[in-house]
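These are my notebook entries on one structure. I wrote down each point as I looked it up.

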Amino acid sequence: MSFDLVIRGGRLVDAGGVTDADLGIRDGRIAEIGLELGAAVHEVDAAGRFVIPGGVDSHVHLGQVSSKGDVTADDFWTGSRSAVHGGTTTVVPFAAQHRGMSIRAVVDDALGRAREQMTIDYGMHVIVTDFDGPAAGELAQVAGAGIGAVKIYLTYDRLKLTGAAALEVMMAARDHGLPVMVHAEADSLVAWGRDRQVEAGELGAASHAVSHSRAAEWSGVAEAIALAETVGATVYLAHVSTPEAIELAAAARARGVDVIAETCPHYLLLDEATLDRPMEQAAPFLCSPPLRGPADRSGLLERLATGDIDLVASDHSPYTMAQKLPKGAGTTFAEAANGLPGIELRLSLLHTAAVTDGPLDMTDFVRLVAANPAKACGLFPRKGSLDIGADADLVLWDDSSFVVGWTELHDNVGYTPYEGIELTGRPTTVISAGEVVISAGEVVVGAGIDRTRQGRGSFLARQ
Ligand SMILES: [Zn+2]
């Protein structure tokens with residue numbers, strides 16, 4: 001039986017190892033791996049190239065309204081378009097419940113918009129901020145519908161869920177077989193730091209980092225672990241920015257706690273010194289937890305290599321400069337929107353920091369950007385592997401270098417915090433569900449990613 005597509009002569013890399021072989025695709029799935037596979041309708045020459053599973057981004061904010069009422073600059077269309085250009089073929093965004101809202105309704109709404117707009121396959125997490133009334137029953141329903149994880153926040157007045165309510169959510173998630181993703185920063189320390197900076201008239205961007213201190217992070221991480229350990233839930237620590245917080249995760253894991261630890265590319269490449277500037281220049285670099293220093297970056301790189309950090313997600317939080325600075329240059333750190341865009345450059349950023357300039361090899365790279373994020377969302381080995389039967393979501397990876405310019409990206413944010421930085425490694429060909437959607441770095445005419453391809457992605461229920 002012939003194939004729909006054969007990728008010839010590539011160096012196949014997944015988290016399990018490296019194989020030099022052809023890869024045959026039939027009906028959107030990997031059908032065979034071997035030498036000199038037979039005829040195909042279409043062929044891709046991968047000689048001298050790495051062929052890896054498409055990236056899985058388990059933490060992205062798309063088409064979402066923040067607690068302050070800001071709508072993300074990227075919806076499911078522009079976000080998924082941007083993702084696939086960077087070699088990510090699966091994204092898992094959030095349906096956000098704000099207080100008083102129905103969990104069921106926000107998930108149905110997000111899935112409806114995703115069905116119309118997503119150009120690549122996707123899962124869906126749900127943010128829970130209010131677990132009173134019918135919420136527990138609704139969480140059971142959306143768990144049955146296949147959501148990937150439940151997310152809670154330990155800080156932010158309009159989002160935080162602590163103490164008994166957080167334990168209730170963790171127990172429910174445990175019973176439904178779902179991890180609980182936690183934004184783990186201690187609210188008491190963040191609020192105290194913020195108020196103290198405001199009282200002192202220290203209103204610049206650097207004060208954001210003072211209030212979201214390292215201690216606030218490790219204290220929040222310790223609480224998240226303690227909550228999960230108490231009830232036997234799986235805790236997914238989002239966007240960990242310091243080695244000491246990872247040490248807590250590693251120690252908990254050694255005690256048998258089920259911990260998933262995530263970091264993000266911006267904590268591996270960008271520095272806190274970017275905040276010591278006027279607000280208009282610093283705003284693109286504001287995120288929570290904040291950027292840290294060189295020792296943190298090298299400490300995180302080491303823990304990517306040891307496996308203490310499980311995965312690298314973008315935490316793509318796309319806000320325009322107008323949203324970042326609602327009062328223009330006079331916006332204070334307490335008023336500015338927090339979050340960095342990064343969905344498109346995630347693979348290139350990690351490759352540069354951790355493979356080209358760091359201790360990782362390509363199997364580590366695939367483990368961090370594809371295999372482990374897929375596992376965390378209950379999508380492995382359908383996504384994140386090169387197993388026979390897996391979805392044919394594939395990337396031909398090239399080691400060449402390039403200089404980042406926002407005008408060449410495909411998001412809707414208007415800037416990138418990585419402008420002018422030289423990166424090494426990028427996708428040249430991207431295959432989604434067996435279809436070549438990007439070739440030689442360019443959208444394939446007629447079959448590529450343009451507006452007519454909205455809605456081609458499929459929802460992936462957690463397995
Ligand atoms: Zn986030």
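In which hand, left-handed or right-handed, does H7 pass H8? I found that the crossing of H7 past H8 is right-handed. I note for all entries that I worked from a predicted model.

**Entry 1: H7 and H8**

I looked up the geometry of this pair next. Helix H7 covers residues 214–231 and helix H8 covers residues 243–254; the two pack at an angle of about 15°, and their axes lie 9 Å apart. Angles under 35 degrees count as roughly parallel, and H7 and H8 are therefore roughly parallel to each other. I then listed the residues in contact. H7 contributes Arg214, Glu217, Trp218, Val221, Ala222 and Ile225, while H8 contributes Pro243, Glu244, Ala245, Leu248, Ala249 and Ala252. I sorted the residues of this contact by class and obtained 9 nonpolar, no polar and 3 charged.

**Entry 2: H4 and H7**

I turned to a second partner of H7. The axes of helix H4 (residues 163–175) and H7 come within 9 Å and cross at roughly 55°. That angle makes H4 oblique to H7. I recorded the crossing of H4 and H7 as right-handed. On the H4 side, the contact is made by Gly163, Ala166, Leu167, Met170, Met171 and Arg174; on the H7 side, by Glu223, Ala224, Leu227, Ala228, Thr230 and Val231. The classes in the contact of H4 with H7 are 8 nonpolar, 2 polar and 2 charged residues.

**Entry 3: the zinc ion**

Which residues coordinate the zinc ion? I found His59 (NE2), His61 (NE2) and Asp315 (OD), at 2.0 to 2.1 Å. Along the chain, these donors follow the spacing H-x1-H-x253-D. His59 and Asp315 link distant parts of the chain, being 256 residues apart. I located His59 in the loop between strand E6 (55–57) and helix H1 (76–85), and Asp315 in the loop between strand E15 (311–312) and helix H12 (321–324).

Are His59 and Asp315 buried or exposed? Buried means under 20% relative accessible area. His59 has 0% relative accessibility, so I entered His59 as buried. Asp315 has a relative accessible area of 8%, and therefore Asp315 is buried.

**Entry 4: Gly16**

I looked up Gly16 last. Gly16 sits in the loop between strand E1 (3–14) and strand E2 (17–26). I entered Gly16 as exposed because its relative accessibility is 76%. I also checked its separation from Thr332: Gly16 and Thr332 are 316 residues apart in sequence and, C-alpha to C-alpha, 48 Å apart in space.

Terms used: Residues are numbered from 1 along each chain as its sequence is written. This is a predicted model: local features need pLDDT of at least 70, side-chain atom pairs count only at pLDDT 80 or more; totals for chains, interfaces and linings use all residues. Side-chain values use heavy atoms; hydrogens and water are left out. Axes are lines fitted to C-alpha atoms, for helices over the stretch in contact, and angles run from 0 to 180 degrees between N-to-C directions. Helices (H or I, at least four residues) and strands (E, at least two) are DSSP runs, numbered from the N terminus. Angles under 35 degrees count as roughly parallel, over 145 as roughly antiparallel, 65 to 115 as roughly perpendicular and the rest as oblique. A crossing is left-handed if the near helix is turned anticlockwise from the far one by less than a right angle, and right-handed if clockwise. Contact means heavy atoms within 4.5 Å. Ala, Val, Leu, Ile, Met, Phe, Trp, Tyr, Cys and Pro count as nonpolar, Asp, Glu, Lys and Arg as charged, and the others, Gly among them, as polar. Donors are N, O and S atoms within 2.8 Å of the metal (3.2 Å for Na, K and Ca); water is not among the atoms, so sites may look incomplete. Buried means under 20% relative accessible area, exposed over 50%, partly exposed in between (1.4 Å probe, protein chains only).
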